[in-house]
Amino acid sequence: MDVRSLRYALTLADELHFGRAASVHYIAAQPFGRRIQELERELGTKLFERTSRRVTLTPAGERLLPRARRVLADLDALMQAVEGDRTEPVLRIGVLGFGLADRWPATRALLARHHPALELVYVELDWANQYDAVRTGDVDVAILHDVGGAEDLLLERVMDTERCVVVPADADLAEAGHLTASDVSDRPWVTPVGQPGLADWSGDRSIRGDVEVRSPVNIPAAVATTGLLGIHAEPATRFLSHPGVRYLPIDGPRAVVAIASRLRDQREPVAAFRAAAQAGAVMDQLDHNASSFAT
C-alpha cells in the first residue's frame, strides 16, 4: 500500500473537499483524486462518498482512516528512530527527469571529496509528487522543475534553460531550425500534468491531445508513439535522446531547475548537497566561459 496515498486520504478526511485537500499537498485535484481512487481499488472498498455538493466518509472510511493515522504516526516515529541510529549519513535525493543534467559529475565529486562517508540514495520523482515528496520526508532534498506553488519549502535555483518543442522525427516540422508560437499554434500537444504551474510553463495550448504525461522522462516516447507535439527543457536534447523525435528550440518561459528541502531542515548532509550543487553550477559556468574564450 502506498504511504503517500494514505496521507492524501487522511487530508481528504479532514477537509472533505477534493480541491482543498489537493491544495494542501500542492497538487492538482485530478491527480489527487486519481490517487484516492487507486487506494480504494487496492483496498477493495470505497472510503468516500462523492456528490456534486459534498464529500463524506463511508463506514469503511470511518473504520480505516483513524487506524491509518495511528499507523502513519508510528511509521514516522520508526523512521526517525532508524535515522538516529545510522552510523553513516544517508541522503535521499529525489530526482525529476534529468535533474542536474551536466552538473551531476561536479556535484558528486565535491561531495565525495568533502563528505566521503555520505551515501546518496536515488528516488525517482514525477511532476505530481515532486514537492510533496519533500514535504512528507520521502526524500531529504529534491532536484525538481520549479513551476510555483511551493512557498512552504526552501527552493534554490541551480539553473534555468531554454525550451524545446519535441516533434516526431517524420513530421513536417522536424527539419526546422527554430520554431515560433505561430508555427505550432494549430498542432495538438501532449499534456504534462501534476502541478498547476505546468500549464503556464508549457503554454496555453488551444489544441490539447488526449495524452497526458506525468514525468518529463516520458515525453519523447509519448510524442514518438502518438505523433503529437511536446514541450521540454533544452538538456533533454542530450539526456533524453530518442530516435523517434527531434528537439527544436522555441521561445517562451525558461525551465527552472531548483533544489528543494524543508524550511527548517538544517541537517549537515542536506546543507552539504546544497553547497555542492551550487558549487557545481559555478564550476560548470567557469568551464563554459573558458571554452567560449578558447574558441
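In the predicted model, residue T161 has A255 of strand β10 as its bridge partner. This pairing belongs to an antiparallel arrangement in which strand β6 (residues 153–168) is joined to strand β10 (residues 245–262) by 14 bridges. Strand β6 is also joined to strand β9 (residues 230–233), again in an antiparallel orientation, through four bridges. Within this second pairing, V166 has G230 of β9 as its bridge partner. Strand β6 is thus bridged both to β10 and to β9. In a regular strand, side chains alternate between the two faces of the sheet.

A parallel pairing is found between strand β3 (residues 90–96) and strand β4 (residues 119–125), which are joined by seven bridges. In this pair, V90 stands opposite E119 of β4. The connection from β3 to β4 passes through helix α5 (residues 104–114), and the resulting β-α-β crossover is right-handed.

Attention then turns to an arginine in a helical segment. R4 lies in helix α1, which spans residues 3–15. With a relative accessibility of 10%, R4 is classed as buried, because this value falls under the 20% cut-off. The side chain of R4 forms a polar contact with the side chain of D138, at 2.5 Å. When residues up to four places away in sequence are left out of account, the contacts of R4 comprise R35, N129, D132, A133 and D138. D138 therefore appears both in this set of contacts and as the polar partner of the buried R4 side chain.

Conventions
Residues numbered from 1 in each chain as written. Predicted model: local features only at pLDDT ≥ 70, side-chain atom pairs only at ≥ 80, totals over all residues. Heavy atoms only, no water. Pairing = 2+ DSSP bridges. Helix = DSSP H or I, 4+ residues; strand = E, 2+ residues; numbered from the N terminus. Buried < 20%, exposed > 50% of the residue type's maximum accessible area, 1.4 Å probe, protein only. Polar contact = N/O pair within 3.5 Å; in protein donor to acceptor, adjacent residues only side chain to side chain. Contact = heavy atoms within 4.5 Å. Right-handed = clockwise from strand over helix to strand, strands pointing away.
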